[in-house]
Amino acid sequence: MDFSWLSAILVGAGCLAFGYCIGSRRPAFIFLRTKLPKDADFAGSKKKSKPKQPLEIEQLADILDDFKMILVVRNDLKMGKGKISAQCSHATLGLYKKLLHRAPKALNRWEMCAQPKVVVKIESEDDMLVLQERAKSLKLPTHITIDAGRTQIAPNSRTVMAILGPVEVVDEVTGGLKLL
């Protein structure tokens, strides 16, 4: 009697069990990613990296509880709903990435507040830049999304600005703006 099919099934089951044991202890992305050294130099790279200091908002996260993000959308660009949604997503992610290593406590505080996001409108690019300067003067982090211009609007248009911080401080900057 030939039991080669049975041995093949047993070997396959053993490999499956072994793979499951390894996979349940180690996420798959560990096996798939390639790590480069942090000081890797790419040909033609002229950007010198210097360690970035933590942002001052990090200290506010220790003493203030309620944090929120405001997304300021330029109304004069007449973007469609889908375009506004995409630009707001870009602004949110851009600010999140900026704060990830420089203000993790502030991000954590915002996440603990259920990540509130409020979308307001502003009438011009100049008004947006004035608002950004006001936010910077209060030490609030900002991120302005600049569109590539492939669909509805001109290339290099500043579309949405994200601001994150304690509710009271953010309201000093954006409290007078109307909801979108």
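1. Let me start with Asn 156, which counts as exposed at 62% relative accessibility. This residue sits in the loop between β3 and β4. Asn 156 also has a positive phi of about 65°, although it is not a glycine. Please keep in mind that all of this comes from a predicted model.

2. A second backbone angle to look at belongs to Gln 115, found in the loop between α5 and β2. Its phi is positive too, at about 50°, and again the residue is not a glycine. Is Gln 115 buried, partly exposed or exposed? With a relative accessible area of 34%, Gln 115 is partly exposed, because the buried class ends at 20% and the exposed class begins over 50%.

3. On to the overall layout. The protein chain has seven helices and four strands. Read from the N terminus, the order of elements is α-α-α-β-α-α-β-α-β-β-α. Of the 180 residues in the chain, 30% are buried. The chain exposes about 12,500 Å², and carbon and sulfur atoms supply 58% of that area. Among contacts with a separation of 6 or more, 75% are between residues 24 or more positions apart.

4. A word on confidence before the details. The chain averages a pLDDT of 82, and 73% of the residues score at least 70. Where is confidence lowest, and where is it highest? Helix α2 (residues 28-32) is at the bottom with a mean of 45, while β2 is at the top with 98. Over residues 28-46 the pLDDT is below 50, and this stretch has three contacts in the model beyond near neighbours in sequence. Where pLDDT is low, the predicted coordinates should not be read in detail.

5. Now the interior. The largest nonpolar core holds 36 residues, and Ile 57, Val 72, Leu 140, Ile 163 and Leu 164 have the most contacts inside it. Elements giving two or more residues to this core include α3 (57-63), α4 (81-102), β2 (117-122) and β4 (158-166). Strand β1 makes the largest contribution to the core, with six residues. As background, nonpolar side chains in soluble globular proteins tend to be buried together.

6. Val 72 is a good residue to click on in your viewer. Which residues does Val 72 contact, leaving aside neighbours within four places in sequence? Its partners are Val 120, Ile 122, Met 128, Leu 131, Thr 159, Val 160, Met 161, Ile 163, Thr 174 and Leu 177.

7. Strand β3 is worth a visit as well. Thr 142 has its place there and is buried, with a relative accessible area of 5%. The side chains of Thr 142 and Gln 132 are joined by a polar contact of 3.1 Å. Not counting residues up to four places away in sequence, Thr 142 touches Leu 95, Lys 98, Gln 132, Ala 135, Lys 136, Met 161, Ala 162 and Ile 163.

8. His 143 lies in strand β3 too, which spans residues 142-146. Beyond its neighbours within four places in sequence, His 143 is in contact with several residues, among them His 90, Ala 91, Gly 94, Leu 95 and Lys 98. Val 160, Met 161 and Ala 162 are also among its contacts. What separates the C-alpha atoms of His 143 and Tyr 96 in space? They are 9.0 Å apart, although the two residues are 47 residues apart along the chain.

Key: Residues are numbered from 1 along each chain as its sequence is written. This is a predicted model: local features need pLDDT of at least 70, side-chain atom pairs count only at pLDDT 80 or more; totals for chains, interfaces and linings use all residues. Side-chain values use heavy atoms; hydrogens and water are left out. A nonpolar core is a set of buried Ala, Val, Leu, Ile, Met, Phe, Trp, Tyr and Cys residues joined through side-chain atoms within 4.5 Å. Buried means under 20% relative accessible area, exposed over 50%, partly exposed in between (1.4 Å probe, protein chains only). Contact means heavy atoms within 4.5 Å. Accessible areas come from the Shrake-Rupley method with a 1.4 Å probe; for residues, only the protein chains shown count as cover. A polar contact is a pair of N or O atoms within 3.5 Å; within protein, one must be able to donate a hydrogen and the other to accept it, and residues adjacent in sequence count only if both atoms are side-chain atoms. pLDDT is the predictor's confidence in each residue, from 0 to 100.
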